Amino acid sequence: MKFTTLLFPAVVLGAACPYGTFKPEEPTDTRGVCPMLNALSNHGFLPRNGRNINENQTVNALNDALNLTPDFGRFLFTAGRLSNPKPNATTFNLNHLDRHDLFEHDGSLSRQDAHFGQWSRFNQTVWNWTLQYYTGDVLDVQMVANGRAQRHMRSNLTDPEYRLSEVGHEFSVAENAAILSIIGDKVTQTCPKKFVDFLFTNEQLPYSIGWKKSGLPISLQDLLRTYHDIEEATAFPPRPASDNSTEIFN
Ligand code: HEM
Ligand code: MG
C-alpha cells in the first residue's frame, strides 16, 4: 500500500474536522460552572473526563483553542488549582470550580444562585433573563454590562442569601470581559450574540456557525482593558426625568 493511501483517511478526517472533535459529555465525565472549560473538554482540548487537569494541559488548551498567551493560561490555571480541596494540589477537576463563594459566585449569567438549588450547570431560565439585556445581534460593552448588572440586581432582590465577595466581583466582571475579548474581538470589544448563545447552550465552540479563534494572542492585559470598560459602563438605572416641582429635597 502506498504511503499516500495510508495517509488519506487522516487527511480527509483532518480536513473535515480541523478542530478538536466535539463529543457531548458522558455521564461519567465531570463538568462544572465554566461554560468555556466545559466546551474545551467536550472538544478534547482538555481531558474529556474533566479530571486531573494540570498546568501544561490548561496552558496548551487555552492557547490552541483560544489563542490565550501562556502567561495568561498559567494565571487562570492558578484559580483551577486553588479550587481543588486538596492542599497544594497541582491539578483540578472541572467540578472543583463549583465550590460556592470561592471563585464561583451568585449572580451568574446562566446559572442560578446556590440558594435556589443546583448552581453549577446551565439553566435556560436564567440565561433567558440575561439574553433580554443583549439587545443587539452584536454584543458590546454596554449590553454586557447591563446583562451582568441585571443578574446581580435580581439576585440582590430575590435571594435572601445573596452575597458577592471581592474575588466574586472580580470573577464576575472578568467573565463578562472574557465574552467580548476572548470569544469576541479584543480590539473592538464586541462579540456576535449567536456565538455566545451557542457556546453557553451547547457547551460547544461555535465553529459551525462561523466562529474562529482570535488571530491575535490574548493576554491578561487585554482582558483587563475590557474589564475596566465594563465597570465604567455599569450603572444602576438613573431615575426617570421628572419635573422639578415634584422634587421634595430641592
Ligand atoms: C464562569 C473558572 C477559563 C469564560 C466561570 C466560573 C469559574 C470559572 C469558577 C464560575 C463563576 C460563576 O459563578 O459564574 C475558570 C477557570 C478558567 C476559566 C479556572 C481557566 C483555567 C475561562 C475562559 C473563558 C471563560 C478562557 C473564555 C471565554 C467564562 C464565562 C463564565 C465563566 C463567560 C460565566 C458563566 C455564567 O455566568 O453563567 N469560570 N474559567 N472561562 N467562565 Fe471560566
Ligand atoms: Mg455562579
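**View 1. Serine 108 and its neighbours hold polar contacts with ligand 1.** In this predicted model, a polar side-chain atom of serine 108 sits 2.6 Å from an oxygen atom of ligand 1. Leucine 109 uses its backbone instead: a polar atom there is 2.7 Å from an oxygen atom of the ligand. Serine 110 contributes an N or O atom of its side chain, 2.6 Å from an oxygen atom of ligand 1. In total, 25 residues surround ligand 1. Those that come nearest are Cys34, His105, Ser108, Leu109 and Ser110.

**View 2. Cysteine 34 meets the iron atom of ligand 1.** Which protein residue donates to this iron atom? Cys34 is the only protein donor, through its SG atom, at 2.4 Å. Look for cysteine 34 in the loop between helix H1 (3–16) and helix H2 (35–42).

**View 3. Three residues coordinate the magnesium ion, ligand 2.** The donors are Glu104 (OE), His105 (O) and Ser108 (OG). Their distances run from 2.0 to 2.2 Å. Along the chain, these donors follow the spacing E-H-x2-S. Glutamate 104 is buried, at 7% relative accessibility. Histidine 105 is buried too, with a relative accessible area of 4%. Serine 108 appears here as a magnesium donor, and its side chain also has a polar atom 2.6 Å from an oxygen atom of ligand 1.

**View 4. Tryptophan 127, tyrosine 134 and phenylalanine 200 form a ring cluster.** Five aromatic pairs are counted in the model. In one of them, the rings of tryptophan 127 and tyrosine 134 have centres 6.0 Å apart and planes at 80°, so this pair is edge-to-face. Both of these residues are buried. Tryptophan 127 also pairs with phenylalanine 200, and here the rings are stacked. Their centres are 4.3 Å apart, with 5° between the planes. Tryptophan 127 belongs to helix H5 (residues 124–131) and phenylalanine 200 to helix H8 (residues 193–202), so the stacked pair ties together parts 73 residues apart in sequence. The relative accessible area is 0% for tryptophan 127 and 6% for phenylalanine 200, which is also buried. Ring pairs link Trp127, Tyr134 and Phe200 into a cluster.

**View 5. Arginine 154 lies over the face of tryptophan 129.** The arginine is at 4.0 Å from the ring centre.

**View 6. Salt bridges join Glu25, Arg111, Arg121 and Glu203 into one network.** Side chains of opposite charge can pair when their charged atoms come close. The model has nine salt bridges. One joins glutamate 25 to arginine 121, with the closest N and O atoms 3.0 Å apart. This pair links distant parts of the chain: glutamate 25 is in the loop between H1 and H2, and arginine 121 is in the loop between strand E2 (91–92) and H5, 96 residues apart. Buried or exposed? Glutamate 25 is partly exposed, at 32% relative accessibility. Arginine 121 is partly exposed as well, at 25%. Another bridge pairs glutamate 203 with arginine 111, the closest N and O atoms being 3.2 Å apart. Glutamate 203 lies in the loop between H8 and helix H9 (220–233) and arginine 111 in the loop between E2 and H5, so this pair ties together parts 92 residues apart in sequence. Both glutamate 203 and arginine 111 are buried. The network arises from salt bridges that share partners.

**View 7. Arginine 31 and aspartate 29 form a salt bridge.** Their closest N and O atoms are 3.9 Å apart. Both residues are buried.

Technical notes: Residues numbered from 1 in each chain as written. Chains lettered and ligands numbered in written order. Predicted model: local features only at pLDDT ≥ 70, side-chain atom pairs only at ≥ 80, totals over all residues. Heavy atoms only, no water. Phe/Tyr/Trp six-rings, centres within 6.5 Å; stacked < 30°, edge-to-face > 60°. Buried < 20%, exposed > 50% of the residue type's maximum accessible area, 1.4 Å probe, protein only. Helix = DSSP H or I, 4+ residues; strand = E, 2+ residues; numbered from the N terminus. Lys NZ or Arg CZ within 6 Å of the ring centre and 35° of its normal. Donors = N, O, S within 2.8 Å, 3.2 Å for Na, K, Ca; no water. Near = heavy atom within 4 Å. Polar contact = N/O pair within 3.5 Å; in protein donor to acceptor, adjacent residues only side chain to side chain. Salt bridge = Lys/Arg side-chain N within 4 Å of Asp/Glu carboxyl O.
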